[in-house]
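I opened the model and kept a short log of what I looked up. Here are the entries, in the order I made them.

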Amino acid sequence: MAFSFTTLRSEHAAVWRALKLEGVRDFPLGFLHSEAETLATPIDGAKDILNHGAMRGVFDGETLIGFCGYRPLLPERIRHRAEIGPFFVTAAYHGKGAAQVLINGVIQEAVAAGIEYLELFVDTENDPAIRFYERQGFERTAMHPDGVRIDGVSRSDYFYRLRL
Ligand SMILES: CC(C)(COP(=O)(O)OP(=O)(O)OC[C@H]1O[C@@H](n2cnc3c(N)ncnc32)[C@H](O)[C@@H]1OP(=O)(O)O)[C@@H](O)C(=O)NCCC(=O)NCCS
């Protein structure tokens with residue numbers, strides 16, 4: 001399948017919000033926002049988020065099937081780094097190369113911007129995501145205990161980074 005990669009803008013707000021809602025419902029370990037928080041974000045709030053230019057999308061034709069937050073760090077002392085996340089591909093497209101197109105797009109953009117590390121947190125039990133990131137070459141450099149609480153239940157995550 002041929003997938004395309006692009007920066008999401010305000011015109012994508014409705015489809016992006018719907019896809020994010022699917023993600024937070026189906027894969028709560030993959031997101032920091034709860035379903036209630038996502039539902040509470042009005043469409044204008046989603047437009048504002050996308051207008052900041054920090055969300056990338058992967059499409060099958062005209063259909064948005066996945067997205068990745070991409071945030072280069074701005075202060076001079078940490079300008080060699082960028083954070084990514086959330087990172088999500090709709091379940092029907094798992095194992096089909098869409099996630100690869102999404103991460104490749106972000107990597108190319110980061111390299112072009114002179115960034116040297118892509119960084120992310122992933123839940124210690126999110127095995128498919130961990131396998132995906134490790135296959136890309138991300139290396140685990142730290143564990144972050146009790147970094148997230150889902151409905152009050154403590155969770156830990158790993159910090160991973162990719163040297164570009
Ligand atoms: C992380 C994610 C984008 C990876 O996308 P993907 O297309 O599944 O990536 P891959 O095809 O490389 O598969 C990754 C692993 O999941 C497994 N997998 C793929 N499709 C699967 C499916 N339908 N059911 C179970 N496992 C599956 C693969 O076998 C692979 O493991 P392996 O390397 O041991 O074979 C996707 O799993 C996802 O969107 N997850 C939900 C959101 C999330 O958790 N994001 C990470 C936040 S940090």
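What follows is my notes on the ligand site, a pocket and a handful of single residues.

**Entry 1: before anything else**

Note to self: this is a predicted model. I keep that in mind for everything below.

**Entry 2: the ligand site**

I started with the ligand. Which residues come nearest to the ligand? I listed the residues around it and got 18, of which Phe 87, Gly 95, Asn 126, Arg 131 and Arg 135 come nearest.

Next I went through polar atoms facing ligand oxygens. Arg 131 has a side-chain N or O atom 2.4 Å from an oxygen atom of the ligand. For Asn 126, a polar side-chain atom sits 2.7 Å from a ligand oxygen. Val 89 takes part through its backbone: a polar backbone atom there is 2.9 Å from an oxygen atom of the ligand.

I then checked how much of the ligand gets covered. On its own the ligand exposes 930 Å², and the protein buries 70% of that. Three elements give two or more residues each to the shell: strand 4 (81–89), strand 5 (117–123) and helix 5 (127–136). Helix 5 gives the most, with six residues.

I also sorted the shell by class. I get 12 nonpolar residues, four polar and two charged.

**Entry 3: the second largest pocket**

I moved on to empty space. Rolling a probe the size of a water molecule over the atoms shows where empty space is left. The second largest pocket comes out at a volume of about 190 Å³.

Which residues line the second largest pocket? I wrote down Val 24, Pro 28, Phe 31, Leu 32, His 33, Ser 34, Glu 35, Val 148, Arg 149, Ile 150 and Asp 151. Strand 6 (residues 139–150) supplies the largest share of this lining, three residues. By class, the lining holds six nonpolar residues, two polar and three charged.

**Entry 4: two aspartates with positive phi**

I scanned backbone torsions next. Most residues other than glycine have a negative phi, and most peptide bonds are trans. I noted two aspartates with a positive value.

Asp 146 has phi near 55°. I placed Asp 146 in strand 6, and it counts as partly exposed because its relative accessibility is 32%, between the 20% and 50% cut-offs.

Asp 151, which I had already met in the pocket lining, has phi near 50°. Asp 151 is in the loop between strand 6 and strand 7. Is Asp 151 buried or exposed? Exposed, because its relative accessible area is 79%, and the cut-off is over 50%.

**Entry 5: a cis bond in strand 4**

Still on the backbone, I found that the peptide bond from Gly 85 to Pro 86 is cis, with omega near 0°. I checked where its two residues sit: Gly 85 lies in strand 4, and Pro 86 lies in strand 4 too.

Gly 85 has a relative accessible area of 16%, so I log it as buried. I also took a C-alpha to C-alpha distance from Gly 85 to Phe 67: 8.7 Å, with their positions 18 residues apart in sequence.

From Pro 86 I looked across to Gly 30. The two are 56 residues apart in sequence and 7.1 Å apart in space, C-alpha to C-alpha. Gly 30 belongs to the loop between helix 1 (13–26) and helix 2 (35–40). Its relative accessible area is 30%, so Gly 30 goes down as partly exposed.

**Entry 6: a buried arginine**

I picked out Arg 155, in strand 7 (residues 153–163). Why does Arg 155 count as buried? Because its relative accessibility is 17%, and buried means under 20%. I looked for a side-chain partner and found Asp 123: a polar contact of 2.7 Å joins the two side chains.

**Entry 7: Ile 115**

Last lookup. Ile 115 is in the loop between helix 4 (98–112) and strand 5. With a relative accessible area of 6%, Ile 115 is buried. I checked its C-alpha against that of Gln 136: they are 21 residues apart along the chain and separated by 17 Å.

Conventions. Residues numbered from 1 in each chain as written. Predicted model: local features only at pLDDT ≥ 70, side-chain atom pairs only at ≥ 80, totals over all residues. Heavy atoms only, no water. 1 Å grid on protein atoms, 1.4 Å probe; cavity = no way out; pocket = protein on both sides within 12 Å on 5 of 7 lines; lining within 4 Å. Points joined across faces, edges and corners; volume = space filled by probe spheres on them. Helix = DSSP H or I, 4+ residues; strand = E, 2+ residues; numbered from the N terminus. Nonpolar A, V, L, I, M, F, W, Y, C, P; charged D, E, K, R; others polar. Near = heavy atom within 4 Å. Polar contact = N/O pair within 3.5 Å; in protein donor to acceptor, adjacent residues only side chain to side chain. Areas by Shrake-Rupley, 256 points an atom, 1.4 Å probe, with all protein chains shown as cover. Buried < 20%, exposed > 50% of the residue type's maximum accessible area, 1.4 Å probe, protein only.
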